[in-house]
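Let's take a walk through a protein together. Please keep the sequence and the 3D view open as you read.

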Amino acid sequence: MSEHFVPPQTKFVAPDPEEVNPKYSRPKANPNFDEFDPASSPFTSSQGYFDITPSGDGGVLKLPVHVPSDPQDDMRQINPVEGCMVDVQYVGKLLNGEIFDTTRDIYKGVCIGGTDDPKSFMLLREKVVQGFDMAVATMVVGEISSFVVRADYGYNSALPESLPKVGVGDTLIYEIELMKFNPQPTPRFPSQEELAISKKERQEEAEEELRQNPPIPYPDRCKAALEEKENGNKLFQEGDYEGAKKCYDSGFVNIFIHRDEWAHLVSKEDKKMFNDVKGVLHLNRCMCRVKMEKWDDAIWDADRSIEFKPDNKKAHYRRCLIYTGFLTRELDKETKGAFWDIEKAKKFAKKARDDLDLAVSLNGGEQDAGMKRAERDLQNKSKLLKKYEGNYKVGQKKLYAEKMMGTLNEKYEKLKVKEAVKKKNKEKDELDDMPELDDSGDEEGPPAMPPPPPSS
(Lines give C-alpha, C1' and ligand atoms only; values in the text may rest on other atoms or scores of the structure.)
Protein backbone atom coordinates (compact mmCIF):
# COMPACT_ATOMS: atom_id res chain seq x y z
CA MET A 1 0.00 0.00 0.00
CA SER A 2 1.20 3.49 -0.80
CA GLU A 3 2.67 5.43 2.11
CA HIS A 4 0.54 8.38 1.00
CA PHE A 5 -2.74 6.42 1.03
CA VAL A 6 -5.23 7.78 3.58
CA PRO A 7 -7.50 5.09 5.05
CA PRO A 8 -11.12 5.86 5.96
CA GLN A 9 -11.89 7.74 9.18
CA THR A 10 -8.39 9.17 9.26
CA LYS A 11 -7.80 12.91 9.17
CA PHE A 12 -5.81 14.02 6.13
CA VAL A 13 -2.40 15.48 7.02
CA ALA A 14 -1.04 17.89 4.42
CA PRO A 15 2.38 16.83 3.07
CA ASP A 16 5.50 18.96 3.24
CA PRO A 17 4.95 22.02 1.00
CA GLU A 18 8.29 21.30 -0.70
CA GLU A 19 6.85 17.98 -1.94
CA VAL A 20 3.61 19.41 -3.30
CA ASN A 21 3.70 20.34 -7.01
CA PRO A 22 2.34 22.54 -8.19
CA LYS A 23 1.47 25.06 -5.51
CA TYR A 24 -2.17 25.62 -6.43
CA SER A 25 -2.87 29.04 -7.88
CA ARG A 26 -6.48 28.94 -6.73
CA PRO A 27 -7.38 30.11 -3.18
CA LYS A 28 -7.28 27.42 -0.51
CA ALA A 29 -10.24 28.90 1.31
CA ASN A 30 -13.36 30.38 -0.29
CA PRO A 31 -15.21 33.06 1.72
CA ASN A 32 -18.46 32.13 -0.07
CA PHE A 33 -18.61 28.81 1.80
CA ASP A 34 -19.04 28.22 5.52
CA GLU A 35 -16.13 26.89 7.51
CA PHE A 36 -15.96 23.14 7.16
CA ASP A 37 -17.13 21.14 10.18
CA PRO A 38 -16.66 17.35 9.81
CA ALA A 39 -19.23 16.67 12.50
CA SER A 40 -22.00 18.56 10.69
CA SER A 41 -21.24 17.28 7.18
CA PRO A 42 -23.38 14.24 6.28
CA PHE A 43 -20.59 12.89 4.08
CA THR A 44 -17.97 12.83 6.86
CA SER A 45 -20.21 12.20 9.87
CA SER A 46 -22.24 9.30 8.55
CA GLN A 47 -20.93 8.09 5.18
CA GLY A 48 -17.24 7.75 5.99
CA TYR A 49 -15.77 10.42 3.70
CA PHE A 50 -12.66 12.29 4.86
CA ASP A 51 -11.10 15.59 3.78
CA ILE A 52 -8.06 15.45 1.45
CA THR A 53 -7.53 19.19 0.85
CA PRO A 54 -4.17 20.53 2.11
CA SER A 55 -5.94 23.42 3.84
CA GLY A 56 -8.53 21.16 5.50
CA ASP A 57 -11.45 23.27 4.22
CA GLY A 58 -13.53 20.26 3.12
CA GLY A 59 -13.42 21.20 -0.54
CA VAL A 60 -12.68 17.62 -1.65
CA LEU A 61 -13.83 14.59 0.36
CA LYS A 62 -12.78 11.00 -0.35
CA LEU A 63 -14.28 7.57 0.30
CA PRO A 64 -12.32 4.49 -0.91
CA VAL A 65 -14.60 1.93 -2.59
CA HIS A 66 -12.00 -0.63 -3.64
CA VAL A 67 -8.34 -0.63 -2.62
CA PRO A 68 -5.98 -3.11 -4.34
CA SER A 69 -3.77 -5.21 -2.10
CA ASP A 70 -1.03 -6.61 -4.34
CA PRO A 71 2.33 -5.95 -2.66
CA GLN A 72 4.19 -7.44 -5.64
CA ASP A 73 3.00 -4.74 -8.03
CA ASP A 74 5.15 -1.62 -7.57
CA MET A 75 2.62 0.54 -9.42
CA ARG A 76 0.11 -0.20 -6.66
CA GLN A 77 2.45 1.24 -4.06
CA ILE A 78 2.89 4.78 -5.37
CA ASN A 79 0.72 7.78 -6.21
CA PRO A 80 1.03 9.72 -9.46
CA VAL A 81 2.69 13.11 -9.18
CA GLU A 82 2.48 16.34 -11.13
CA GLY A 83 3.18 15.86 -14.83
CA CYS A 84 2.30 12.15 -14.95
CA MET A 85 -0.03 11.04 -17.73
CA VAL A 86 -2.91 9.20 -16.06
CA ASP A 87 -5.74 7.05 -17.45
CA VAL A 88 -8.98 6.98 -15.45
CA GLN A 89 -12.53 5.68 -15.73
CA TYR A 90 -15.10 7.81 -13.93
CA VAL A 91 -18.75 8.56 -13.39
CA GLY A 92 -19.78 12.12 -12.47
CA LYS A 93 -23.06 12.71 -10.63
CA LEU A 94 -24.93 15.58 -9.03
CA LEU A 95 -26.23 15.45 -5.47
CA ASN A 96 -29.63 14.24 -6.73
CA GLY A 97 -27.92 11.21 -8.33
CA GLU A 98 -28.27 12.43 -11.93
CA ILE A 99 -25.25 11.52 -14.08
CA PHE A 100 -23.79 14.52 -15.90
CA ASP A 101 -20.59 13.00 -17.33
CA THR A 102 -19.01 9.54 -17.65
CA THR A 103 -16.52 7.39 -19.49
CA ARG A 104 -18.20 4.10 -18.54
CA ASP A 105 -20.80 2.38 -20.68
CA ILE A 106 -22.23 0.13 -17.97
CA TYR A 107 -22.55 1.35 -14.37
CA LYS A 108 -24.15 -0.82 -11.71
CA GLY A 109 -25.68 -3.02 -14.40
CA VAL A 110 -27.25 -0.11 -16.31
CA CYS A 111 -26.15 1.36 -19.63
CA ILE A 112 -25.35 5.05 -19.03
CA GLY A 113 -24.01 5.98 -22.47
CA GLY A 114 -20.23 6.14 -22.06
CA THR A 115 -17.68 4.70 -24.46
CA ASP A 116 -15.52 2.79 -21.95
CA ASP A 117 -12.50 4.67 -23.30
CA PRO A 118 -10.39 5.89 -20.35
CA LYS A 119 -9.79 9.61 -19.99
CA SER A 120 -6.12 10.52 -20.34
CA PHE A 121 -4.72 13.77 -19.01
CA MET A 122 -1.60 15.25 -17.44
CA LEU A 123 -2.02 15.38 -13.68
CA LEU A 124 -1.99 18.69 -11.78
CA ARG A 125 -1.57 20.77 -14.93
CA GLU A 126 -5.09 22.27 -14.88
CA LYS A 127 -6.34 19.91 -17.59
CA VAL A 128 -9.35 19.05 -15.38
CA VAL A 129 -11.04 20.84 -12.48
CA GLN A 130 -8.93 21.26 -9.37
CA GLY A 131 -10.93 18.81 -7.28
CA PHE A 132 -10.51 16.07 -9.91
CA ASP A 133 -6.75 16.72 -10.01
CA MET A 134 -6.47 16.51 -6.22
CA ALA A 135 -8.58 13.34 -6.14
CA VAL A 136 -6.48 11.37 -8.64
CA ALA A 137 -3.24 12.49 -6.95
CA THR A 138 -4.26 10.51 -3.81
CA MET A 139 -4.95 7.23 -5.67
CA VAL A 140 -2.96 4.12 -6.62
CA VAL A 141 -3.35 1.95 -9.73
CA GLY A 142 -6.44 -0.25 -9.46
CA GLU A 143 -8.07 1.87 -6.75
CA ILE A 144 -11.72 2.94 -7.02
CA SER A 145 -12.83 5.82 -4.80
CA SER A 146 -15.73 8.23 -4.50
CA PHE A 147 -15.06 11.95 -4.17
CA VAL A 148 -17.29 14.86 -3.21
CA VAL A 149 -16.06 18.04 -4.92
CA ARG A 150 -17.40 21.34 -3.67
CA ALA A 151 -18.25 23.99 -6.26
CA ASP A 152 -15.16 26.14 -5.57
CA TYR A 153 -13.02 23.10 -6.47
CA GLY A 154 -15.24 22.27 -9.46
CA TYR A 155 -17.33 24.43 -11.79
CA ASN A 156 -18.10 27.40 -9.58
CA SER A 157 -18.10 30.12 -12.25
CA ALA A 158 -16.93 28.89 -15.67
CA LEU A 159 -19.56 26.33 -16.66
CA PRO A 160 -18.58 24.03 -19.54
CA GLU A 161 -20.91 24.00 -22.54
CA SER A 162 -20.35 20.25 -22.89
CA LEU A 163 -21.97 19.62 -19.47
CA PRO A 164 -25.36 21.35 -19.63
CA LYS A 165 -26.64 19.59 -16.50
CA VAL A 166 -24.04 21.28 -14.25
CA GLY A 167 -25.15 24.56 -12.72
CA VAL A 168 -23.43 27.32 -10.77
CA GLY A 169 -22.62 26.23 -7.21
CA ASP A 170 -23.34 22.53 -7.83
CA THR A 171 -21.49 20.00 -5.68
CA LEU A 172 -20.12 17.15 -7.80
CA ILE A 173 -19.67 13.49 -6.88
CA TYR A 174 -17.09 11.51 -8.84
CA GLU A 175 -16.47 7.78 -8.68
CA ILE A 176 -12.98 7.37 -10.17
CA GLU A 177 -10.88 4.32 -11.01
CA LEU A 178 -7.17 4.88 -11.70
CA MET A 179 -6.35 2.46 -14.52
CA LYS A 180 -2.67 3.30 -15.06
CA PHE A 181 -0.18 6.15 -15.18
CA ASN A 182 3.28 6.89 -16.53
CA PRO A 183 5.63 7.17 -13.55
CA GLN A 184 7.97 9.46 -15.53
CA PRO A 185 6.46 12.95 -15.23
CA THR A 186 6.69 15.49 -18.03
CA PRO A 187 8.66 18.57 -16.92
CA ARG A 188 6.47 21.55 -16.27
CA PHE A 189 6.87 24.57 -18.55
CA PRO A 190 7.97 27.47 -16.35
CA SER A 191 5.62 30.37 -15.71
CA GLN A 192 6.35 33.93 -16.81
CA GLU A 193 7.40 34.80 -13.27
CA GLU A 194 9.81 31.86 -13.12
CA LEU A 195 11.24 32.77 -16.53
CA ALA A 196 11.82 36.34 -15.37
CA ILE A 197 13.53 35.13 -12.19
CA SER A 198 15.71 32.72 -14.20
CA LYS A 199 16.69 35.46 -16.64
CA LYS A 200 17.64 37.78 -13.79
CA GLU A 201 19.73 35.06 -12.17
CA ARG A 202 21.59 34.38 -15.42
CA GLN A 203 22.31 38.07 -15.86
CA GLU A 204 23.67 38.31 -12.33
CA GLU A 205 25.85 35.24 -12.92
CA ALA A 206 27.16 36.72 -16.18
CA GLU A 207 27.98 40.02 -14.47
CA GLU A 208 29.75 38.21 -11.66
CA GLU A 209 31.68 36.09 -14.17
CA LEU A 210 32.66 39.28 -15.96
CA ARG A 211 33.90 40.82 -12.70
CA GLN A 212 35.89 37.71 -11.80
CA ASN A 213 37.27 37.24 -15.32
CA PRO A 214 37.44 40.58 -17.12
CA PRO A 215 37.73 40.34 -20.94
CA ILE A 216 41.11 40.55 -22.60
CA PRO A 217 41.66 44.01 -24.13
CA TYR A 218 41.26 44.17 -27.88
CA PRO A 219 44.91 45.09 -28.60
CA ASP A 220 46.10 42.12 -26.54
CA ARG A 221 43.77 39.80 -28.44
CA CYS A 222 45.09 41.04 -31.77
CA LYS A 223 48.64 40.63 -30.49
CA ALA A 224 47.92 37.00 -29.54
CA ALA A 225 46.43 36.37 -32.99
CA LEU A 226 49.54 37.78 -34.69
CA GLU A 227 51.74 35.55 -32.51
CA GLU A 228 49.78 32.54 -33.78
CA LYS A 229 50.34 33.87 -37.31
CA GLU A 230 54.12 33.94 -36.76
CA ASN A 231 54.04 30.37 -35.46
CA GLY A 232 52.11 29.38 -38.57
CA ASN A 233 54.64 31.12 -40.82
CA LYS A 234 57.47 29.07 -39.31
CA LEU A 235 55.61 25.82 -39.92
CA PHE A 236 54.79 26.94 -43.46
CA GLN A 237 58.51 27.48 -44.19
CA GLU A 238 59.17 23.95 -42.93
CA GLY A 239 56.54 22.54 -45.30
CA ASP A 240 54.04 21.66 -42.56
CA TYR A 241 51.04 23.24 -44.25
CA GLU A 242 48.43 21.49 -42.12
CA GLY A 243 50.15 22.59 -38.90
CA ALA A 244 50.47 26.14 -40.23
CA LYS A 245 46.76 26.20 -41.06
CA LYS A 246 45.91 25.15 -37.48
CA CYS A 247 47.96 28.07 -36.15
CA TYR A 248 46.10 30.49 -38.38
CA ASP A 249 42.81 28.94 -37.18
CA SER A 250 43.90 29.59 -33.59
CA GLY A 251 44.62 33.19 -34.53
CA PHE A 252 41.00 33.60 -35.64
CA VAL A 253 39.82 32.21 -32.29
CA ASN A 254 41.69 34.95 -30.44
CA ILE A 255 39.91 37.72 -32.35
CA PHE A 256 36.42 36.23 -32.49
CA ILE A 257 33.81 38.87 -31.61
CA HIS A 258 30.09 38.16 -31.22
CA ARG A 259 28.00 40.10 -33.75
CA ASP A 260 26.11 41.96 -31.02
CA GLU A 261 29.35 43.06 -29.41
CA TRP A 262 30.76 43.95 -32.84
CA ALA A 263 27.71 46.07 -33.70
CA HIS A 264 27.34 47.96 -30.42
CA LEU A 265 30.57 47.86 -28.41
CA VAL A 266 33.52 47.81 -30.80
CA SER A 267 34.72 51.23 -31.89
CA LYS A 268 35.54 52.16 -35.48
CA GLU A 269 39.27 52.18 -34.76
CA ASP A 270 39.13 48.75 -33.10
CA LYS A 271 37.15 47.35 -36.03
CA LYS A 272 39.90 48.47 -38.42
CA MET A 273 42.50 46.85 -36.18
CA PHE A 274 40.59 43.56 -36.14
CA ASN A 275 39.99 43.63 -39.91
CA ASP A 276 43.67 44.18 -40.64
CA VAL A 277 44.55 41.10 -38.59
CA LYS A 278 41.77 39.08 -40.22
CA GLY A 279 43.01 40.04 -43.68
CA VAL A 280 46.51 38.76 -42.90
CA LEU A 281 45.24 35.49 -41.41
CA HIS A 282 42.96 34.86 -44.40
CA LEU A 283 45.81 35.59 -46.80
CA ASN A 284 48.23 33.19 -45.08
CA ARG A 285 45.67 30.43 -44.60
CA CYS A 286 44.76 30.81 -48.27
CA MET A 287 48.34 29.99 -49.27
CA CYS A 288 48.33 26.89 -47.04
CA ARG A 289 45.25 25.62 -48.82
CA VAL A 290 46.80 26.43 -52.20
CA LYS A 291 49.78 24.25 -51.31
CA MET A 292 47.39 21.46 -50.25
CA GLU A 293 45.35 22.03 -53.48
CA LYS A 294 42.18 22.62 -51.48
CA TRP A 295 40.94 25.08 -54.06
CA ASP A 296 37.35 25.44 -52.83
CA ASP A 297 38.49 26.42 -49.33
CA ALA A 298 41.33 28.57 -50.62
CA ILE A 299 39.06 30.74 -52.79
CA TRP A 300 36.95 31.62 -49.73
CA ASP A 301 40.01 32.86 -47.84
CA ALA A 302 41.26 34.79 -50.87
CA ASP A 303 37.89 36.53 -51.33
CA ARG A 304 37.75 37.47 -47.62
CA SER A 305 41.26 38.86 -47.71
CA ILE A 306 40.43 41.02 -50.73
CA GLU A 307 37.28 42.26 -48.97
CA PHE A 308 39.40 43.57 -46.10
CA LYS A 309 42.07 45.02 -48.41
CA PRO A 310 41.02 45.31 -52.09
CA ASP A 311 44.44 46.59 -53.28
CA ASN A 312 46.42 43.69 -51.82
CA LYS A 313 48.56 42.42 -54.70
CA LYS A 314 49.42 39.19 -52.86
CA ALA A 315 45.73 38.33 -52.46
CA HIS A 316 45.05 38.82 -56.19
CA TYR A 317 48.18 36.86 -57.11
CA ARG A 318 47.10 33.96 -54.90
CA ARG A 319 43.57 34.08 -56.24
CA CYS A 320 45.11 33.79 -59.73
CA LEU A 321 46.83 30.60 -58.55
CA ILE A 322 43.50 29.28 -57.26
CA TYR A 323 41.64 29.93 -60.52
CA THR A 324 44.52 28.30 -62.38
CA GLY A 325 44.06 25.33 -60.04
CA PHE A 326 40.38 25.20 -60.93
CA LEU A 327 41.34 25.30 -64.62
CA THR A 328 43.87 22.48 -64.14
CA ARG A 329 41.26 20.37 -62.39
CA GLU A 330 38.91 20.75 -65.37
CA LEU A 331 41.64 19.96 -67.93
CA ASP A 332 42.65 16.82 -66.03
CA LYS A 333 39.15 15.46 -66.64
CA GLU A 334 39.90 15.40 -70.37
CA THR A 335 42.85 13.03 -69.91
CA LYS A 336 40.71 10.82 -67.63
CA GLY A 337 37.89 10.69 -70.16
CA ALA A 338 35.46 12.31 -67.74
CA PHE A 339 32.86 14.92 -68.62
CA TRP A 340 33.97 18.53 -68.19
CA ASP A 341 32.56 21.95 -69.05
CA ILE A 342 34.57 23.97 -71.59
CA GLU A 343 32.71 27.19 -70.78
CA LYS A 344 33.47 26.81 -67.08
CA ALA A 345 37.13 26.20 -67.85
CA LYS A 346 37.25 29.33 -70.04
CA LYS A 347 35.67 31.32 -67.21
CA PHE A 348 38.38 30.13 -64.79
CA ALA A 349 41.08 31.07 -67.30
CA LYS A 350 39.64 34.57 -67.69
CA LYS A 351 39.38 35.13 -63.93
CA ALA A 352 42.94 33.95 -63.44
CA ARG A 353 44.11 36.33 -66.15
CA ASP A 354 42.18 39.27 -64.62
CA ASP A 355 43.63 38.67 -61.14
CA LEU A 356 47.17 38.26 -62.48
CA ASP A 357 46.94 41.47 -64.52
CA LEU A 358 45.62 43.35 -61.48
CA ALA A 359 48.39 41.96 -59.27
CA VAL A 360 51.01 43.10 -61.83
CA SER A 361 49.37 46.51 -62.01
CA LEU A 362 49.44 46.86 -58.20
CA ASN A 363 53.12 45.83 -58.33
CA GLY A 364 53.99 48.83 -60.47
CA GLY A 365 53.51 47.06 -63.81
CA GLU A 366 56.36 44.61 -63.21
CA GLN A 367 56.21 40.87 -62.61
CA ASP A 368 58.14 39.38 -59.74
CA ALA A 369 59.41 35.78 -59.81
CA GLY A 370 56.12 34.30 -58.56
CA MET A 371 54.06 36.28 -61.05
CA LYS A 372 56.31 35.12 -63.89
CA ARG A 373 55.79 31.49 -62.91
CA ALA A 374 52.05 32.08 -62.68
CA GLU A 375 52.13 33.73 -66.13
CA ARG A 376 53.91 30.75 -67.74
CA ASP A 377 51.63 28.24 -66.07
CA LEU A 378 48.51 30.14 -67.09
CA GLN A 379 49.73 30.46 -70.69
CA ASN A 380 50.42 26.73 -70.92
CA LYS A 381 47.02 25.87 -69.46
CA SER A 382 45.31 28.33 -71.80
CA LYS A 383 47.03 26.78 -74.85
CA LEU A 384 46.00 23.33 -73.69
CA LEU A 385 42.44 24.56 -73.24
CA LYS A 386 42.39 25.91 -76.82
CA LYS A 387 43.73 22.59 -78.09
CA TYR A 388 41.07 20.63 -76.23
CA GLU A 389 38.43 23.05 -77.42
CA GLY A 390 39.57 22.59 -81.06
CA ASN A 391 39.53 18.81 -80.67
CA TYR A 392 36.08 19.08 -79.20
CA LYS A 393 34.77 21.10 -82.13
CA VAL A 394 36.25 18.65 -84.66
CA GLY A 395 34.77 15.75 -82.79
CA GLN A 396 31.49 17.56 -82.54
CA LYS A 397 31.32 18.05 -86.33
CA LYS A 398 32.27 14.44 -86.94
CA LEU A 399 29.69 13.26 -84.51
CA TYR A 400 27.10 15.49 -86.13
CA ALA A 401 27.94 14.17 -89.57
CA GLU A 402 28.14 10.52 -88.61
CA LYS A 403 25.44 10.25 -86.08
CA MET A 404 22.90 12.96 -86.67
CA MET A 405 23.13 13.54 -90.44
CA GLY A 406 23.86 9.88 -91.11
CA THR A 407 20.73 8.94 -89.27
CA LEU A 408 18.71 11.55 -91.16
CA ASN A 409 20.05 10.35 -94.54
CA GLU A 410 19.27 6.77 -93.64
CA LYS A 411 15.76 7.73 -92.66
CA TYR A 412 15.40 9.69 -95.94
CA GLU A 413 16.51 6.72 -98.07
CA LYS A 414 14.13 4.42 -96.25
CA LEU A 415 11.35 6.94 -96.79
CA LYS A 416 12.06 7.09 -100.56
CA VAL A 417 11.97 3.30 -100.83
CA LYS A 418 8.76 3.23 -98.89
CA GLU A 419 7.20 5.88 -101.16
CA ALA A 420 8.29 3.96 -104.29
CA VAL A 421 6.75 0.75 -103.01
CA LYS A 422 3.60 2.62 -102.11
CA LYS A 423 3.39 4.16 -105.62
CA LYS A 424 3.91 0.80 -107.29
CA ASN A 425 1.22 -0.84 -105.18
CA LYS A 426 -1.17 2.01 -106.01
CA GLU A 427 -0.63 1.55 -109.78
CA LYS A 428 -1.20 -2.17 -109.46
CA ASP A 429 -4.42 -1.59 -107.57
CA GLU A 430 -5.66 0.78 -110.31
CA LEU A 431 -5.01 -1.85 -113.03
CA ASP A 432 -6.77 -4.51 -111.01
CA ASP A 433 -9.87 -2.33 -110.74
CA MET A 434 -10.34 -1.92 -114.60
CA PRO A 435 -13.15 -4.11 -116.23
CA GLU A 436 -12.08 -7.06 -118.48
CA LEU A 437 -12.75 -6.86 -122.33
CA ASP A 438 -15.07 -9.50 -123.97
CA ASP A 439 -13.13 -10.88 -126.92
CA SER A 440 -15.09 -14.16 -127.43
CA GLY A 441 -16.46 -13.18 -130.97
CA ASP A 442 -13.16 -12.21 -132.48
CA GLU A 443 -12.55 -15.72 -133.96
CA GLU A 444 -15.85 -15.86 -135.98
CA GLY A 445 -15.53 -12.48 -137.57
CA PRO A 446 -17.90 -9.56 -137.37
CA PRO A 447 -21.54 -10.27 -136.60
CA ALA A 448 -23.90 -10.92 -139.64
CA MET A 449 -26.13 -8.13 -140.93
CA PRO A 450 -29.86 -8.64 -140.37
CA PRO A 451 -31.88 -9.81 -143.49
CA PRO A 452 -33.65 -7.16 -145.60
CA PRO A 453 -37.38 -6.73 -145.13
CA PRO A 454 -39.71 -8.64 -147.60
CA SER A 455 -40.83 -6.79 -150.71
CA SER A 456 -44.50 -5.93 -151.16
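The paragraphs below look at nonpolar cores, then aromatic rings, then cysteines. Keep in mind that this is a predicted model.

Let's begin inside. In soluble globular proteins, nonpolar side chains tend to be buried together. Here the largest nonpolar core has 43 residues, and the members that touch the most others are Val 290, Ile 322 and Leu 327. Several helices give two or more residues to this core, among them helix H7 (268–291), helix H9 (313–336) and helix H11 (369–433). Try finding Val 290 in the view: beyond its neighbours within four places in sequence, Val 290 is in contact with Trp 295, Ala 298, Leu 321 and Ile 322. There is also a second, separate core of 31 residues, including Val 60, Val 88, Phe 132 and Ala 135.

Now for the rings. The structure holds 13 aromatic pairs. In one of them, Phe 100 and Tyr 174 have ring centres 5.9 Å apart and planes at 75°; an angle over 60 degrees counts as edge-to-face, so this pair is edge-to-face. Phe 100 sits in strand E4 and Tyr 174 in strand E9, 74 residues apart, and the pair thus links distant parts of the chain. Both rings belong to one aromatic cluster with Tyr 90, Phe 121 and Phe 132. Elsewhere, Lys 278 lies over the face of Trp 262, at 4.6 Å from the ring centre.

How many disulfides does a search of the whole structure find? The search finds zero. Take Cys 288, which is buried at 0% relative accessibility. The closest cysteine sulfur, in Cys 247, is 9.0 Å from the sulfur of Cys 288, too far for a bond because a disulfide needs the two sulfur atoms within 2.5 Å.

Key:
Residues numbered from 1 in each chain as written. Predicted model: local features only at pLDDT ≥ 70, side-chain atom pairs only at ≥ 80, totals over all residues. Heavy atoms only, no water. Core = buried A, V, L, I, M, F, W, Y, C linked by side-chain atoms within 4.5 Å. Buried < 20%, exposed > 50% of the residue type's maximum accessible area, 1.4 Å probe, protein only. Helix = DSSP H or I, 4+ residues; strand = E, 2+ residues; numbered from the N terminus. Contact = heavy atoms within 4.5 Å. Phe/Tyr/Trp six-rings, centres within 6.5 Å; stacked < 30°, edge-to-face > 60°. Lys NZ or Arg CZ within 6 Å of the ring centre and 35° of its normal.
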